[in-house]
Amino acid sequence: MKYLRLMLSVVVLMSLSTVAFAQADAQKPPSDAQKSSVVPVPSAAQKSFATMKTLAGEWEGPVTVPEMPDMSGGKPMHLSLRVTSRGNALVHEFQEAGTPLDATKYDHPVTMLYVDGDQLTLVHYCDAGNRPRMTGKMSPDGKTVEFEFVDISGSTEYHMHHAVFTIIDANHHTEDWTFMMKDKPIHAHFDLQRAK
């Protein structure tokens with residue numbers, strides 16, 4: 001009889017310990033293997049940024065400035081788009097094609113694009129000496145990302161105010177930038193082909 005009571009006690013203890021371990025496992029945070037099996041849904045900003053990163057590479061094409069016809073049809077512009085910072089930033093650099101990187105003689109504006117919280121953000125380091133910040137949204141068809149002015153660091157007299165990137169295909173896109181000269185908007189349209 002003692003043997004039966006001992007065996008019954010062992011079985012009860014084993015059952016209780018199994019229940020206790022099961023409850024403890026249920027309360028543990030998910031393991032790395034469990035976490036990696038859950039794929040987070042990208043936000044609208046992340047989707048827009050992924051679209052912008054497809055433009056990485058070298059581009060060339062003419063610029064049209066309707067308000068300043070003498071600036072249209074000149075030398076083509078050269079654009080370099082480079083993904084950096086482990087994929088977290090996109091560097092956008094414009095310059096006149098065939099000119100050296102000499103900031104004392106030539107315009108060479110740099111723009112940084114990145115996801116900040118739930119916003120696709122653009123900061124333009126302008127030759128006018130300021131840094132306008134804009135946030136972007138992708139069109140429903142996924143072909144256009146439009147950036148609206150948020151704020152500016154530095155002088156507001158002359159500054160970039162708006163930008164639209166339109167993807168035609170893998171080797172062709174356009175960019176439309178609006179520059180404010182005091183209160184007058186100046187529009188620049190860039191028709192860019194991927195450089196071979």
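A residue counts as exposed when its relative accessible area is over 50%, as buried when that area is under 20%, and as partly exposed in between. These cut-offs are used throughout the report on this predicted model.

## Overall make-up

The protein has three helices and 11 strands. Along the sequence, the helices precede the strands, in the pattern α-α-α-β-β-β-β-β-β-β-β-β-β-β. Of the 196 residues in the protein, 31% are buried. Among contacts with a separation of 6 or more, 36% are between residues 24 or more positions apart.

The average pLDDT of the protein is 84, and 80% of the residues score at least 70. Residues 6–22 have pLDDT under 50, and in the model this stretch makes zero contacts beyond four places in sequence. Where pLDDT is low, the predicted coordinates should not be read in detail.

## Two residues with positive phi

Most residues other than glycine have a negative phi. Arg86 is not a glycine, yet its phi is positive, at about 55 degrees. Arg86 sits in the loop between S3 and S4. Arg86 counts as exposed because its relative accessibility is 87%, and the cut-off for exposed is over 50%.

Lys182, also a residue other than glycine, has a positive phi near 60 degrees. Its place is the loop between S10 and S11. With a relative accessible area of 47%, Lys182 falls between the two cut-offs and is therefore partly exposed.

## Three buried residues in strands

The table lists three residues that lie in strands, with their relative accessible areas.

| Residue | Strand | Relative accessible area |
|---|---|---|
| His78 | S3 (residues 77–84) | 17%, buried |
| His173 | S10 | 0%, buried |
| Phe147 | S8 (residues 144–153) | 0%, buried |

His78 is buried because its relative accessible area of 17% is under 20%. The side chain of His78 makes a polar contact of 2.6 Å with the side chain of Glu58. Leaving aside neighbours within four places in sequence, the residues in contact with His78 include Glu58, Trp59 and Glu60, as well as Glu93, Phe94, Gln95, Glu96 and Ala97.

His173, in strand S10, is buried with a relative accessible area of 0%. A polar contact of 2.8 Å links its side chain to that of Glu175. Beyond four places in sequence, His173 is in contact with Leu55, Trp59, Leu79, Thr166, Ile167, Ile168, Phe190, Asp191 and Leu192. Trp59 is thus found among the contacts of both His78 and His173.

Phe147, in strand S8, is likewise buried, at 0% relative accessible area. Not counting residues up to four places away in sequence, Phe147 touches Leu113, Leu120, Leu122, Met134, Thr135, Gly136, His162, Ala163 and Phe165. One of these, Leu120, is 27 residues from Phe147 in sequence, and the C-alpha atoms of the two are 8.7 Å apart.

## Pocket and cavity

Rolling a probe the size of a water molecule over the atoms shows where empty space is left. The largest pocket holds about 760 Å³ of space. Its lining comprises 27 residues, and those nearest the centre are Met71, Met77, Asp107, Met160 and Phe190. Strands S4 (89–96), S10 (172–181) and S11 (184–194) are the elements that give two or more residues to this lining. S4 gives the most, with four residues. By class, the pocket lining has 17 nonpolar, five polar and five charged residues. Phe190, listed nearest the centre of the pocket, is also a contact of His173.

The search of the whole structure finds one cavity of 30 Å³ or more. The largest cavity has a volume of about 40 Å³. The residues that line this cavity are Gln95, Thr99, Pro100, Leu101, Asp102, Ala103, Tyr106, Asp107 and His108. Four of the lining residues are nonpolar, three are polar and two are charged. Asp107 appears both in the lining of the cavity and among the residues nearest the centre of the largest pocket. Gln95, another lining residue of the cavity, is in contact with His78.

Key. Residues numbered from 1 in each chain as written. Heavy atoms only, no water. 1 Å grid on protein atoms, 1.4 Å probe; cavity = no way out; pocket = protein on both sides within 12 Å on 5 of 7 lines; lining within 4 Å. Points joined across faces, edges and corners; volume = space filled by probe spheres on them. Nonpolar A, V, L, I, M, F, W, Y, C, P; charged D, E, K, R; others polar. pLDDT = per-residue confidence, 0-100. Contact = heavy atoms within 4.5 Å. Buried < 20%, exposed > 50% of the residue type's maximum accessible area, 1.4 Å probe, protein only. Polar contact = N/O pair within 3.5 Å; in protein donor to acceptor, adjacent residues only side chain to side chain.
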